[in-house]
Amino acid sequence: MGTAPALDRALIEAEATAARTIVLDIEAVSFIDSTGLRALLAAQVRSGRNGNRLRITPGGSQARRLFALVGVERRLPFVDP
């Protein structure tokens, strides 16, 4: 919850660049809550309007459980770490 605003700002900064792909590596993230998930989903929506450049590593077991629980594992653009 505390780091979601920083994540959102960093993603918006990355989206403002000419990078062809933006990879968000969350493999070292030990916990993600609904606020973090909301930031990822918002970034995915923005990415859809901006060339679908976002890619996300699936993260650790807690993150993967959350993604499966809320049914976004097929909606977010996951890539192998």
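**Exercises on a predicted model**

In this predicted model, the largest pocket holds about 210 Å³ of space.

**Exercise 1.** Determine which residues lie closest to the centre of the largest pocket, and which elements contribute to its lining.

*Solution.*
Step 1. The lining consists of 13 residues, and those closest to the centre of the pocket are Thr3, Leu7, Val29, Phe31 and Ile32.
Step 2. Two or more lining residues come from each of helix H1 (4–15) and helix H2 (34–49).
Step 3. Sorted by class, the pocket lining has nine nonpolar, two polar and two charged residues.

**Exercise 2.** State how many cavities of 30 Å³ or more the structure holds, and describe the lining of the largest cavity.

*Solution.*
Step 1. There is one cavity of 30 Å³ or more.
Step 2. The volume of the largest cavity is about 50 Å³.
Step 3. Its lining is formed by Leu11, Glu15, Ile22, Ser47, Asn50, Arg53 and Leu54.
Step 4. These divide into three nonpolar, two polar and two charged residues.

**Exercise 3.** Explain why the buried residues of helix H3 lie on the same side of the helix.

*Solution.*
Step 1. A residue counts as buried under 20% relative accessible area. In H3 (residues 61–70), the residues Gln62, Ala63, Leu66 and Phe67 are buried.
Step 2. These four residues are on the same side of H3 because they cover an arc of only 135° around the axis.
Step 3. In an α-helix there are 3.6 residues a turn, so residues three or four places apart point the same way.
Step 4. On the face turned away from the buried side, Ser61, Arg65 and Leu69 are exposed.
Step 5. H2 is included in what covers the buried residues of H3.
Step 6. After H3 comes Gly71, with a positive phi near 75°.

How values were computed: Residues are numbered from 1 along each chain as its sequence is written. This is a predicted model: local features need pLDDT of at least 70, side-chain atom pairs count only at pLDDT 80 or more; totals for chains, interfaces and linings use all residues. Side-chain values use heavy atoms; hydrogens and water are left out. On a 1 Å grid over the protein atoms alone, a cavity is a set of points where a 1.4 Å probe fits but cannot get out, and a pocket is an open set with protein on both sides within 12 Å along at least five of seven lines; lining residues have an atom within 4 Å of a point. Grid points are joined across faces, edges and corners, and a volume is the space filled by probe spheres set on the points. Ala, Val, Leu, Ile, Met, Phe, Trp, Tyr, Cys and Pro count as nonpolar, Asp, Glu, Lys and Arg as charged, and the others, Gly among them, as polar. Buried means under 20% relative accessible area, exposed over 50%, partly exposed in between (1.4 Å probe, protein chains only). The arc is that of the directions from the helix axis to the C-beta atoms. Contact means heavy atoms within 4.5 Å.
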